Amino acid sequence: MVWSARTLGQPGLPAASMGWAAPRDSNRPQGVAIDGNNSLYVADTNNHTIRKVVLSTGVVTTVAGLAGSSGSIDGFGSVARFTFPSGVAVDSAGTLYVADTENHTIRAIQPSGMVSTLAGLAGSAGDADGTGSTARFDSPTDLAVDLSGNVYVADTDNCTIRKIVPSTGAVSTLAGLAGTSGSADGSGSAVRFFRPTGIAVDADITLYVADTNNHTVRVGLVPALPVIRIQPAGGPVYSGFCFLLSVTASGRPAVTYQWYLNGTAISGATSSMYSGVAKSSDAGQYTVVVSNTLGSVTSNVATLSVDSSTPPSGWAGLDLGGMGGGAPSEWFYGVLLLIAAGRLFQGRAKVAGRAAHSSG
């Protein structure tokens, strides 16, 4: 790896001014995040502000807060106040989340610049789960956002990992026991951390935690409701020809599938794919219910039409998105075997990766 660096700000010289032309600006920044437009957001901790750097131009602005003025005030831009914010994360819609450490709160900044308190109560440290201001944190220092918009918090002085659902403000404790430090793997409150200060989440909702005073990096598998990533697609198929419907979904614990035709469950159709040789009775509206122990989700409708007329000359092929084509033959079953083998290989690779990580 080649490390290429340029410094935004002048090392060793904190100040409150802002702008690429006047780089003496940041004062002990501690957290950064990048949005989908390649802009960098900075928790400028000792300035009590949140800053933005447009990486393509280097232009730096203050998104919220007023340099040198601490406090806890919701409002637009410079009206807002923070007290030693140390972590930032941004979701796909451009909403910023801030670990406002010394206020013991989690703040949200909308793209408009409006700042609100998402969870916790300023000046009230604690460990309570709850909704909005009824929840309590103790010096949260970092956070991360998953693809569904859930916020995960390294609640440092509580030695716990918390989860916030922004749409409701509901706060829960995923791992660790408030006020009890240590180093123990396990599930839920059996897990022990020692002042965790960094957190990240990947597309599979696997959490990675910098367990600071344990000098370790921890991995957590977060339970997740089923989510359909790619919907099944229907289309026309000629009678006597092959069709295949498929869905791509995720969830933890592992998901199960049940296909339906016109609202009636299809016996034995319990995989992510449903295929057959088309006949008139196969025409209709297909859905698939994807489930795990946390809940279920139903796919969009995929409509399959079956044409009993003679297909045009040269009609062949198989649309893996769900449309028909091709009389049943060795190539059709070969494709199915390749798909199954590919999924089996991916599953084994994930298991092997987890085992290698655990042994390391």
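Good morning. Two strands are said to pair when DSSP finds at least two bridges between them. With that in mind, I turn to the structure above, which is a predicted model.

I begin with strand β25. β25 and strand β27, which spans residues 302-307, pair in the antiparallel sense over three bridges. Within that pairing, the bridge partner of Tyr-286 is Ala-302 in β27. β25 also pairs with strand β26, residues 295-298, again in the antiparallel sense, and here there are four bridges. Val-289 has Thr-298 of β26 as its bridge partner. How many residues lie between β25 and β26 in their hairpin? There are two. A further antiparallel partner is β22, joined to β25 by six bridges; in this case Tyr-257 stands opposite Val-290 of β25. As for its surroundings, β25 is mostly covered, with seven of its nine residues buried.

This brings me to the largest nonpolar core, which has 20 residues. Which of them touch the most other members? They are Phe-243, Tyr-257, Trp-259, Ile-266, Tyr-274 and Tyr-286. Two or more residues of this core come from each of β19 (235-238), β20 (242-246), β22 (256-261) and β25 (284-292). To take one member in detail, Tyr-274 is in contact with Phe-243, Leu-244, Leu-245, Trp-259, Ile-266, Ala-269 and Tyr-286, leaving aside neighbours within four places in sequence. There is also a second, separate core of 15 residues, and it includes Ala-89, Ala-99, Ala-119 and Val-145.

Let me move on to an open sheet. Five strands form it in the order β5-β9-β8-β7-β6, with antiparallel pairing. At the edges are β5 (75-76) and β6 (85-90), each of which pairs on one side only. Inside this order, strand β7 (residues 96-100) and strand β8 (residues 105-109) are paired over five bridges. Ala-99 stands opposite Ile-106 in β8, and Ala-99 is also among the residues of the second core.

My next subject is strand β11, residues 140-145. Six of its six residues are buried. β11 pairs with strand β12, residues 151-155, in the antiparallel sense over five bridges, and Ala-144 stands opposite Tyr-152 in β12. The two strands form a hairpin with five residues between them, and Gly-149 in the turn has a positive phi of about 95°.

Strand β11 also contains Asp-142. Where is the nearest side chain of opposite charge to this residue? It belongs to Arg-195 and is 13 Å away; Asp-142 is buried yet has no salt bridge. A salt bridge would require a side-chain nitrogen of Lys or Arg within 4 Å of a carboxyl oxygen. A polar atom of the Asp-142 side chain does, however, lie 3.0 Å from the backbone nitrogen of Ile-199. Beyond residues up to four places away in sequence, Asp-142 touches several others, including Gly-87, Val-88, Ala-99, Tyr-152, Thr-197 and Gly-198.

I close with Ile-50, found in strand β3, residues 49-54. Is this residue buried or exposed? Ile-50 counts as buried because its relative accessibility is 0%, and the cut-off for that term is under 20%. Neighbours within four places aside, its contacts include Val-42, Ala-43, Phe-82, Pro-85, Leu-96 and Ile-109. Finally, the C-alpha atoms of Ile-50 and Ala-67 are separated by 9.3 Å, the two residues being 17 apart along the chain. Thank you for your attention.

How values were computed. Residues are numbered from 1 along each chain as its sequence is written. This is a predicted model: local features need pLDDT of at least 70, side-chain atom pairs count only at pLDDT 80 or more; totals for chains, interfaces and linings use all residues. Side-chain values use heavy atoms; hydrogens and water are left out. Buried means under 20% relative accessible area, exposed over 50%, partly exposed in between (1.4 Å probe, protein chains only). Lys and Arg count as positive and Asp and Glu as negative; His and the chain ends are not counted. A polar contact is a pair of N or O atoms within 3.5 Å; within protein, one must be able to donate a hydrogen and the other to accept it, and residues adjacent in sequence count only if both atoms are side-chain atoms. Contact means heavy atoms within 4.5 Å. A nonpolar core is a set of buried Ala, Val, Leu, Ile, Met, Phe, Trp, Tyr and Cys residues joined through side-chain atoms within 4.5 Å.
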